[in-house]
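Visitor: I would like a close look at a single part of this protein, set against the chain as a whole. Could you take me through it step by step?

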Amino acid sequence: MASLPFHTFLGQTILNPRALIIIRKGLPSFCFFVVLLLTPSCAFSHIRQGFEEDKGRKYDLFPEILMEEAVARLNELGEVSDADEYLQRTFQSPASIKAGNLIRLWMEDVGLKTWVDKMGNVHGRTEGINPSEKALLIGSHLDTVIDAGKFDGSLGIVCALSALKVLNMTNRMGRLRRPVEIIAFSDEEGVRFQSTFLGSAAIAGVLPASALHVHDKSGVTVQDALRENSIETTEENLLELKYDPESVWGYIEVHIEQGPVLETIGLPLGSVKGIAGQTRLKVTVRGSQGHAGTVPMNMRQDPMVAAAEIIVLLEGLCKQPEQYLSYDGECRASEVQSLSGSLVCTVGEISSWPSASNVIPGQVTFTVDVRAIDDMGREAVLYELSKRMRQICDRRSVFCKIDRKHDANAVVCDKELSSQLSSAAYAALQRIKGEVAIDVPALMSGAGQDAMAISHLTKVGMLFVRCRGGISHSPAEHVLDDDVWASSTAVLAFLETALL
């Protein structure tokens, strides 16, 4: 079938409209045949009528809320920026505060009780029929990277609000069996303070009090930034932000995939089975600064070429770890096999001093980002990198130093939540597409998410949403309107089946 022509329609990969296709339903032994006689435009008009029949039951698909309003809100948030030429919202910046206020208004529009906590997180909560029950948390982040896309983070917040708005409009929000709380986390990207998950880590109780004293490039601390926005946060009341694990039932998050898998297989939604662990390093290489024209090549102690050799070593190690790692106490065969499918390494920043074209640098610094599903395997890679890096530096007579700036262990998503989210995604696609039923794939996340921090508090589950080209952290980041609809509908279906 791979050789036949196909089209993408509402996120479904289909053959030529007059071709015969086989679509697998949920059960492995059950298939059915569909002859597509309608053109895509005819089928599209049928879907947009807003209703779908499933064994006699009629669903209102609420496209005006779950798609049109959701897309409009994403576009509106995409205009809230600290920069004129591109999208940028960092922790407690003016645009971040404006975005938080806008989200809070939308929460109140849904009928939620709202507040802003001591880390700048924006909360909206409905108690349901039993306020004493453990709460479901739904969240994502409102901050962005520099020159960002408008869907990363914002999509998860807006989809959750849209789903609750439908429940409120249909007089069902008050019938939820447990409280539901939406949280727009103040900082996940870590752009301003180089410290990720400030918002969600505070809720989970894993943010150290010392984080308040971390400063940005201008010398402003996290505590100062909060105080500038009339939030007085001390080491004592920071600890009070931690939620009691006994008060929380679970956490779900909708997020763009930030990768190409869903688009490649032609599906709008996928469940997440786990999130890769990650380590960030700062590497400093010091040599002998000198004149570019007078120091002979064989007498140089050049930190730039040493850094270049280390970076090429890192690339080889991460592309083919099995050729570098030994099967001893540092790494087992199973870990090497796991690494070959998930290990990614990146040097994203590099700088030299004094950074002049006619000067041999005296110092070079660069960052290393290492991610893998297997934590032991990731540690083995870091050990091997450190060992071989020091060999390079000794051979070149330069000094090398490695500082570990960030560590996060891999997270395995809760099987029950993942199953419920997969079923909800399946139901959403079935509602929107009529009789077409498609398996929902289970993916790994190579990107860090707020769910990583919240996993220290409660069980977590995630849904990924297709993004064009797998592109993220870029103004080219894009999600189809119909995929926004599908993700909002999936959250609604989850709430309907799990909490009503």
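Guide: What follows begins with the whole chain, turns to one helix and the loop after it, and ends with some other places for comparison. The model is a predicted one, and its protein chain holds 14 helices and 22 strands. Of the 500 residues in that chain, 53% are buried, and among the contacts with a separation of 6 or more, 75% join residues 24 or more positions apart. The accessible surface of the chain amounts to about 22400 Å², with 52% of that area belonging to carbon and sulfur atoms.

The part to examine is helix H11, which covers residues 375-396 and includes Glu-384. Is Glu-384 buried or exposed? Its relative accessibility is 5%, and because buried means under 20%, Glu-384 counts as buried. If its neighbours within four places in sequence are set aside, the residues in contact with Glu-384 are Leu-317, Tyr-324 and Leu-325.

Past H11 comes the loop that leads to strand E19 (399-408), and Ser-397 is placed in this loop. The phi angle of Ser-397 is near 60 degrees, which is a positive value in a residue other than glycine. With a relative accessibility of 44%, Ser-397 counts as partly exposed, whereas Glu-384 within the helix is buried.

A positive phi value also occurs at Gln-194, another residue other than glycine, where the angle is near 50 degrees. Gln-194 sits in the loop that runs between strand E10 (180-185) and helix H5 (198-204). Its relative accessible area is 55%, and since the cut-off for exposed is over 50%, Gln-194 is classed as exposed.

A further backbone detail, this time in the peptide bond, is found between Trp-353 and Pro-354, where the bond is cis and omega is near 10 degrees. Pro-354 belongs to the loop between strand E16 (350-353) and strand E17 (359-360).

For a second helix to set beside H11, consider H14, which takes in residues 481-499. At 1.5 Å a residue its 19 residues should span 27 Å, and the C-alpha atoms at its ends are 27 Å apart, so the expected span and the distance in the model agree. Because 17 of the 19 residues of H14 are buried, this helix is largely enclosed by the rest of the structure.

Methods. Residues are numbered from 1 along each chain as its sequence is written. This is a predicted model: local features need pLDDT of at least 70, side-chain atom pairs count only at pLDDT 80 or more; totals for chains, interfaces and linings use all residues. Side-chain values use heavy atoms; hydrogens and water are left out. Helices (H or I, at least four residues) and strands (E, at least two) are DSSP runs, numbered from the N terminus. The expected span of a helix is 1.5 Å times one less than its number of residues. Buried means under 20% relative accessible area, exposed over 50%, partly exposed in between (1.4 Å probe, protein chains only). Contact means heavy atoms within 4.5 Å. Accessible areas come from the Shrake-Rupley method with a 1.4 Å probe; for residues, only the protein chains shown count as cover.
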